[in-house]
Amino acid sequence: MMNETMKALVYQGPGRYELTDVPVPEIKKPTDVIAKVTLAAICTSDIHQVRGEIPAVPYPRTQGHEFCAEVVETGSAVKKLKVGDRCMVLPGTFCGQCVMCQSGRFSFCQDGGIFGSIGSNEGCHAEYIRIPQADYTMFPIPPGLTEEDVILLPDMLATAWFGITNANLQEGQSIAVIGVGPVGQCTCLLAKKAFGAKQVIAIDTLQYRLDLAQKEGNADIIINPAQDNVKQ
Ligand SMILES: [Zn+2]
Ligand SMILES: [Zn+2]
């Protein structure tokens, strides 16, 4: 028997962010899953949100959209998942039917959206979360892999992929990646190992990030404008 309340990190309005008790989510539609959050990350957009820089986000709203979770309850129409499945989870849900989905703006789905952001989904910075359209939103973690191995795939790696395809990188071309935090590291990795870039140039003012990109074999040249004489 689950408790009726749980701990959650809740956006309470611009600049106001608190750890508080909220009701444990319940199944609302037959396609929902209730899941226990097993690992969550902080995205830069969470920070923008807490600062009040995304005014369309309603509050109070539990934050967070990058996470892994274990299924604890399934709605009657859920087919691909069962209690106990450890999953990675997409950053949002979409209905595929509304005017926003039909126009390709899935993040603004009127019956879903990014978890913990605009729309109707509460976020993952909590003990439990309700996941709508769960068969299409949750993916069991392959055997032998951990939550840490997969947590960056649905948002960070996908964002890197989006950036590279927007830049129209072709095999044999060189690419400069400005900023090698999690998304930048993924960009270097994809450019080097999936898109066949000739040279990847990583640029950041944090040396440990540059060192990581180089150590992993994903950057050929590293530049730290805070230390290197870039003009030279
Ligand atoms: Zn994110
Ligand atoms: Zn929709």
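**Aromatic pairs, sheets and pockets in a predicted model**

At 17% relative accessibility, F195 falls under the 20% cut-off and so counts as buried. The model is a predicted one, and F195 is a handy way into it, since its ring pairs with that of W161: the centres lie 4.9 Å apart and the planes meet at 65°, which makes the pair edge-to-face. Unlike buried F195, W161 is partly exposed, with a relative accessible area of 45%. W161 belongs to helix 5 (residues 153–166), while F195 sits in the loop between helix 6 (182–193) and strand 12 (200–203), so the pair ties together parts that are 34 residues apart in sequence.

The count of aromatic pairs comes to four. Another of them joins Y11 and Y59, whose ring centres are 5.4 Å apart; with the planes at 75°, over the 60 degrees required, this pair is edge-to-face too. Here the link runs between distant parts of the chain, 48 residues apart: Y11 is in strand 1 (residues 5–13), and Y59 is in the loop between helix 1 (44–50) and strand 4 (61–62). Y11 is buried, at just 2% relative accessible area, whereas Y59, at 46%, is partly exposed.

Y11 also has a place in a sheet, standing opposite R61 in strand 4. Strand 1 and strand 4 are antiparallel partners, paired over two bridges. They belong to an open sheet of three strands, ordered 2-1-4 and paired in the antiparallel sense. Strand 2 and strand 4 are the edge strands here, each pairing on one side only.

Next comes a sheet of five strands, also open, which runs in the order 9-3-5-6-10 with antiparallel pairing. Its edges are strand 9 (128–131) and strand 10 (138–140); each has a single partner strand, so one side of each is left without a neighbour in the sheet. From one strand to the next, the twist averages 45°. Inside this sheet, strand 3 (residues 33–41) and strand 5 (residues 66–74) pair over eight bridges in the antiparallel sense. One facing couple is A41 and E66, the latter in strand 5.

That leaves the pockets. The largest pocket holds about 480 Å³ of space. Its lining is made up of 19 residues, with P91, G92, S107, I114 and D155 lying nearest the centre. At least two lining residues come from each of helix 1, strand 7 (92–93), strand 8 (113–114) and helix 5. By class, the lining of the largest pocket has ten nonpolar residues, eight polar ones and one that is charged.

The second largest pocket has a volume of about 410 Å³. It is lined by 20 residues, and those closest to its centre are M6, P23, P25, T62 and E122. Strand 1, strand 2 (16–23), strand 4 and strand 9 each put at least two residues into this lining. Strand 9 gives the largest share, three residues. The classes in the lining of the second largest pocket come out as eleven nonpolar, four polar and five charged.

Some elements turn up in more than one of these features. Helix 5 carries W161 of the aromatic pair and also helps line the largest pocket. Strand 9, an edge of the five-strand sheet, contributes to the lining of the second largest pocket.

Key: Residues numbered from 1 in each chain as written. Chains lettered and ligands numbered in written order. Predicted model: local features only at pLDDT ≥ 70, side-chain atom pairs only at ≥ 80, totals over all residues. Heavy atoms only, no water. Pairing = 2+ DSSP bridges. Helix = DSSP H or I, 4+ residues; strand = E, 2+ residues; numbered from the N terminus. Axes fitted to C-alpha atoms, helices over the stretch in contact; angles between N-to-C directions. Phe/Tyr/Trp six-rings, centres within 6.5 Å; stacked < 30°, edge-to-face > 60°. Buried < 20%, exposed > 50% of the residue type's maximum accessible area, 1.4 Å probe, protein only. 1 Å grid on protein atoms, 1.4 Å probe; cavity = no way out; pocket = protein on both sides within 12 Å on 5 of 7 lines; lining within 4 Å. Points joined across faces, edges and corners; volume = space filled by probe spheres on them. Nonpolar A, V, L, I, M, F, W, Y, C, P; charged D, E, K, R; others polar.
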